[in-house]
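The following paragraphs lead the reader through one structure. Please keep the sequence and the three-dimensional view at hand while reading.

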Amino acid sequence: MCLIENGEISVPEEYKFLTNKYREIQPHLLSKREQEILSLIANELTSREIADKLFLSINTIENHRKSIFNKLGVKNLAGMIMEAARAGYLN
């Protein structure tokens, strides 16, 4: 049973193991390109620097960043880095 409060979904503590198990079952949630971009973001490169390095447009980098946020279920850069580290994407 989930609760929806202020537009946020809250999972009761006794069911949280299910969400963690689901994430563990999908170790390759992010594409190789998304993992590459995530790594570059974690190394403090800007979107412009990443775009130049990978010969892509800034819009493409921003779309990948949004996709990473969505797939990891986070709202901001700090959450992305913390969740990526927890999920084993950053070593």
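At what angle do helix α4 and helix α5 pack, and how far apart are their axes? In this predicted model, helix α4 covers residues 58-72 and helix α5 covers residues 77-86. The two pack at an angle of about 60°, and their axes are 10 Å apart. Angles from 65 to 115 degrees count as roughly perpendicular and those under 35 degrees as roughly parallel; α4 and α5 are therefore oblique to each other. The crossing in which α4 passes α5 is left-handed.

The residues that form this contact can be located on each helix. From α4 come R65, I68, F69 and L72, while α5 contributes L77, M80, E83 and A84. Sorted by class, the contact of α4 with α5 comprises six nonpolar and two charged residues, with no polar ones.

Helix α4 also meets another helix. Helix α2, which spans residues 32-42, has an axis that comes within 10 Å of the axis of α4, and the two cross at roughly 95°. That angle makes α2 roughly perpendicular to α4. On the side of α2, the residues involved are R33, E34, I37, L38 and I41; on the side of α4, they are I61, H64, R65, S67, I68 and K71. By class, the contact of α2 with α4 has five nonpolar, two polar and four charged residues. R65 and I68 of α4 take part in the contact with α5, and R65 and I68 also appear in the contact with α2.

One further residue of helix α4 deserves attention, namely E62. Is E62 buried or partly exposed? Its relative accessible area is 27%, and buried residues are those under 20%, whereas exposed ones are over 50%; E62 is therefore partly exposed. E62 lies 15 residues from S47 in sequence, and the C-alpha atoms of E62 and S47 are 7.1 Å apart in space.

These helices may now be placed within the chain as a whole. The chain contains five helices and two strands, and along the sequence these elements follow the pattern β-β-α-α-α-α-α. The chain has 91 residues, of which 25% are buried. Among the contacts with a separation of 6 or more, 44% join residues that are 24 or more positions apart. The surface that the chain exposes amounts to about 6700 Å², and carbon and sulfur atoms supply 54% of that area.

Terms used
Residues numbered from 1 in each chain as written. Predicted model: local features only at pLDDT ≥ 70, side-chain atom pairs only at ≥ 80, totals over all residues. Heavy atoms only, no water. Axes fitted to C-alpha atoms, helices over the stretch in contact; angles between N-to-C directions. Helix = DSSP H or I, 4+ residues; strand = E, 2+ residues; numbered from the N terminus. Parallel < 35°, antiparallel > 145°, perpendicular 65-115°, else oblique. Left-handed = near helix turned anticlockwise from the far one by under 90°. Contact = heavy atoms within 4.5 Å. Nonpolar A, V, L, I, M, F, W, Y, C, P; charged D, E, K, R; others polar. Buried < 20%, exposed > 50% of the residue type's maximum accessible area, 1.4 Å probe, protein only. Areas by Shrake-Rupley, 256 points an atom, 1.4 Å probe, with all protein chains shown as cover.
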